[in-house]
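Me: Please take a close look at a single part of this model. Then carry on to the strand pairing and give it all in one connected answer.

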Amino acid sequence: FEIYDFYNGVTLIQSGASNTYTTSNLPSVNDITVIATNFTCVGPASNNSVTQVIPADPINAGNDFAICIDGGIYTPTGFTPAGGVWTGTGVTNGATGDFNPATAGVGVFDMIYSYTNVTGCVSKDTLKATVNDIPDAGAGNDVAVCLGSSIQLNASGGGNNFLWSPATGLDNATIFNPVASPIVNTTYTVTITNSFGCDNTDDITVTVDPVPSASFTAGNECDDDAVSFSNTSTPAVGVTYDWNFGDASTSTLSNPSHLYGSEGNYVVRLVVTLGNCSDSASTTVTVYPRPDAFFIANPTVGNFLNNEINFTDASTGATQWNWIFDDGTFSSSENPNHFYLDTGLHPVILIVSNDFGCSDTADGSIRIDPYLTFYVPNAFTPDGDGINDVFFGYGEDIYNYEMRIFTRWGPQIFNSFDKSIGWDGTNQLTGKPVPPGVYVYRFLIKDVHGRSYSEIGRVSVVK
């Protein structure tokens with residue numbers, strides 16, 4: 001079992017099983033010998049070894065520093081002696097010691113400065129490079145406000161100092177949540193600084209929208225007539241419209257028209273929107289009642305022995321009457337009588353109106369027939385009970401027969417060329433029964449002598 005004792009002069013500096021003495025702290029004055037011992041047997045001392053220790057040059061890497069991660073390249077100064085080499089995380093130039101914080105990242109890093117003198121001795125010194133992160137910065141999403149309105153800005157981030165720019169329109173430019181009242185479109189930039197002095201920025205654009213002005217005109221109308229609305233709002237472009245007609249109906253058109261289902265007073269409201277800004281206007285529209293024109297002629301078929309026809313007004317809501325006869329004469333009586341001097345079919349028109357200026361028209365015809373007799377009922381009940389279920393005209397000496405049925409608004413819904421086939425109240429176009437109401441008929445017939453007759457009138461469908 002061997003033990004090696006190393007001496008510097010008479011001073012024991014290492015003892016153990018290792019026969020190697022390694023040190024970086026050898027005194028400049030030294031005299032090294034070694035004595036080996038094997039169990040109890042002690043060998044002679046070795047020859048002495050004297051090593052000349054040349055001291056390294058003094059070195060100073062400079063002062064520690066702190067930098068923000070976005071601070072750019074930092075070049076250390078004040079290090080001595082010149083001509084050494086820099087190494088370490090974030091060092092991008094060994095000769096100058098350029099340090100890139102973005103390359104190093106956030107943290108504390110050793111920058112080692114090494115200098116080798118002419119004797120080959122290396123001196124080293126270390127400084128600390130602290131890289132601090134920048135704060136998060138958020139100014140929020142771009143927003144729009146109406147001219148004359150305000151909005152509160154809200155910055156977010158890990159800083160403790162805030163500075164908004166420009167300060168125009170802000171109640172306080174040094175807080176995180178100033179109130180902005182710009183009068184033109186403005187982009188605000190917030191700079192947020194943390195406790196390390198690192199800062200970050202973000203911006204928000206506040207768009208200032210003009211406030212529209214809502215206005216419109218509308219006239220009063222009669223029932224069954226659409227009311228037209230004239231939009232006079234400003235501006236005329238770039239806006240949206242929201243109409244409420246007061247009867248649960250709406251529209252988004254600029255200049256709509258609306259047909260009300262019944263007479264009455266309706267409050268109409270228009271909301272005009274431009275961006276986030278809106279204005280409204282309202283007015284009351286009156287829909288006046290319309291008279292319902294109807295008359296009864298007695299008889300509907302006359303002859304030379306009975307050529308005076310009595311017309312009875314059966315209209316509702318009428319205060320004025322205007323009868324138009326086909327011989328160029330007129331009457332303003334409510335229930336006039338008229339003498340016909342010619343045979344044939346004679347159309348009659350009745351125009352009635354009320355005090356609101358609303359009118360309605362009824363037309364019909366009577367016939368003065370020297371021979372032919374033809375009769376048309378004024379109502380029937382197509383309810384399937386077998387009584388008065390079918391409408392048709394009938395008479396004597398009829399050779400050709402044509403019947404057409406129309407709605408009051410003009411479309412034809414039934415026709416027949418056989419006097420044995422009447423109208424059962426079904427719309428031929430849809431195959432469905434028509435609703436109760438008044439319908440217009442027209443008969444074209446020829447008698448056995450080839451003379452043509454026309455009969456126009458109204459028939460009521462009763463259910």
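Reply: Buried means under 20% relative accessible area, exposed over 50% and partly exposed in between (1.4 Å probe, protein chains only). Leu147 is partly exposed because its relative accessible area is 46%. The model is predicted, with pLDDT of at least 70 needed for local features and 80 or more for side-chain atom pairs, while totals for chains, interfaces and linings use all residues. Numbering starts from 1 along each chain as its sequence is written, and side-chain values use heavy atoms, without hydrogens and water.

Leu147 sits in the loop between strand S11 (143-146) and strand S12 (151-152); strands are DSSP runs (E, at least two residues), numbered from the N terminus. Together with Ile183, Val184 and Val211, Leu147 makes a nonpolar surface patch of about 390 Å² (Shrake-Rupley area, 1.4 Å probe; nonpolar side chains within 5 Å, each residue over 30% accessible and without a salt bridge, that is, Lys or Arg nitrogen within 4 Å of an Asp or Glu carboxyl oxygen).

On strand S25 (residues 295-298), Phe295 and Ala297 form the covered face, and Ile296 and Asn298 the uncovered one. S25 pairs with strand S27 (residues 308-313) in the antiparallel sense over 4 bridges; pairing requires at least two DSSP bridges. Ile296, on the uncovered face, stands opposite Thr312 in S27.

Further along the chain, 5 strands form an open sheet with mixed pairing, in the order S34-S39-S38-S36-S37. Strand S34 (379-380) and strand S37 (412-416) are the edge strands, each pairing on one side only. Within this sheet, S36 (residues 398-406) and S38 (residues 437-447) run antiparallel, joined by 8 bridges. Ile405 has Tyr441 of S38 as its bridge partner.

How values were computed
Patch = residues over 30% accessible without salt bridge, like charges linked within 9 Å, V, L, I, M, F, W, Y side chains within 5 Å. Salt bridge = Lys/Arg side-chain N within 4 Å of Asp/Glu carboxyl O.
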